[in-house]
Amino acid sequence: MITGASSGIGATYAQRLAARGYNLLLIARNEARLQQLAAELAACHGVQADLLCVDLEQHSGIEKAAERLRSDAQISLLVNCAGVALNGGLGEADLDSTHSLLQLNLLALTMLSSAAAVRFSLAGRGAIINIGALVALSPERGNAIYSASKAYVLNLSQSLCSELSGSGVQVQVVLPGITRTELLERAGSSLAHIPPSMVMEVEDLVDAALRGFDQGELVTIPSLQDSSEWQALTQARLQLAPNLSHNQPAARYS
Ligand SMILES: NC(=O)c1ccc[n+]([C@@H]2O[C@H](COP(=O)([O-])OP(=O)(O)OC[C@H]3O[C@@H](n4cnc5c(N)ncnc54)[C@H](OP(=O)(O)O)[C@@H]3O)[C@@H](O)[C@H]2O)c1
């Protein structure tokens, strides 16, 4: 099951997974695009691609997709890719677009991860790939709502991996940097003002992410050249853990 399969990163996952022989369940709102993709995948790779056209900003759409995960034993891999960005800072937030982003980027991803976690762990096998974003690691760069939504995806995926430890279910969270898709245009922005050296082609992004998946990585950062930088950050965070909850405030607050 791939959400956000009608364009960009999700559509590229569909192509790559079809090439690996997966039958697919493609989810998005744009039925015409999904139908065209399904036909291409069937013709090129001989796989079956079913469609589920739902709006994952709506409770009913989330529930339809979650129910499919609960009831369809053929689904062994969930790629939570559907997402939107918002252009602008927290002060420019309006209720409707903020609500839509939170429903899609947080609620849909959470409920689908939950449904998949339950069924895959009962089966003792399966995998969940959540698409986060590098902005999760750099809140200082602004774009507060989108950035915070992706920090949630990172945290949720790390917690989920820990919960599912020993269950046979693999969890991966992918943190793309800026990638050439429709995301920014849909948010009313553009890739035009971004230096080309910072923009990854979507095929390169997905191929790298799948290599990270094959290597069993929990957190995959396709752009990061030196993986020891991420390991150092993780190590520093884990070292903090035993110091974070005590019955007395620290001496500097007395
Ligand atoms: N591109 C980047 O620079 C970048 C960087 C970091 C992370 N990401 C993340 O990558 C993921 C994929 O984005 P993308 O870059 O591939 O952008 P994209 O080309 O705009 O694709 C977004 C996908 O989400 C689907 N979608 C949007 N709203 C939906 C809704 N209400 N219900 C169901 N599906 C919905 C869209 O399909 P329909 O419109 O047909 O519904 C589309 O398939 C997102 O989570 C994004 O945050 C992207």
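Helix axes here are lines fitted to C-alpha atoms over the stretch in contact, and angles run from 0 to 180 degrees between N-to-C directions. The model is predicted: local features need pLDDT of at least 70, side-chain atom pairs count only at pLDDT 80 or more, and totals for chains, interfaces and linings use all residues. Residues are numbered from 1 along each chain as its sequence is written, and side-chain values use heavy atoms, without hydrogens and water.

Select helix 4, residues 95–123, and helix 5, residues 144–163 (helices are DSSP runs of H or I, at least four residues, numbered from the N terminus). Their axes lie 10 Å apart at an angle of about 10°, so the two helices are roughly parallel (angles under 35 degrees).

Next, show the side chains between them. Among the residues of helix 4 in contact (heavy atoms within 4.5 Å) are Leu101, Leu109 and Ala117, and helix 5 brings Tyr146, Val153 and Leu160, among others. By class, this contact has 10 nonpolar, 5 polar and 1 charged residues.

Now select the ligand. It is surrounded by 30 residues (a heavy atom within 4 Å), the closest being Ile9, Arg29, Tyr146, Thr181 and Arg186. Helix 1 (8–19), helix 5 and helix 6 (183–186) each supply at least two residues of this shell.

Finally, zoom in on ligand oxygen atoms. A polar side-chain atom of Ser7 is 2.8 Å from one; for polar backbone atoms, the distance is 2.7 Å at Ile9 and 2.9 Å at Asn30.

Key
A polar contact is a pair of N or O atoms within 3.5 Å; within protein, one must be able to donate a hydrogen and the other to accept it, and residues adjacent in sequence count only if both atoms are side-chain atoms. Angles under 35 degrees count as roughly parallel, over 145 as roughly antiparallel, 65 to 115 as roughly perpendicular and the rest as oblique. Ala, Val, Leu, Ile, Met, Phe, Trp, Tyr, Cys and Pro count as nonpolar, Asp, Glu, Lys and Arg as charged, and the others, Gly among them, as polar.
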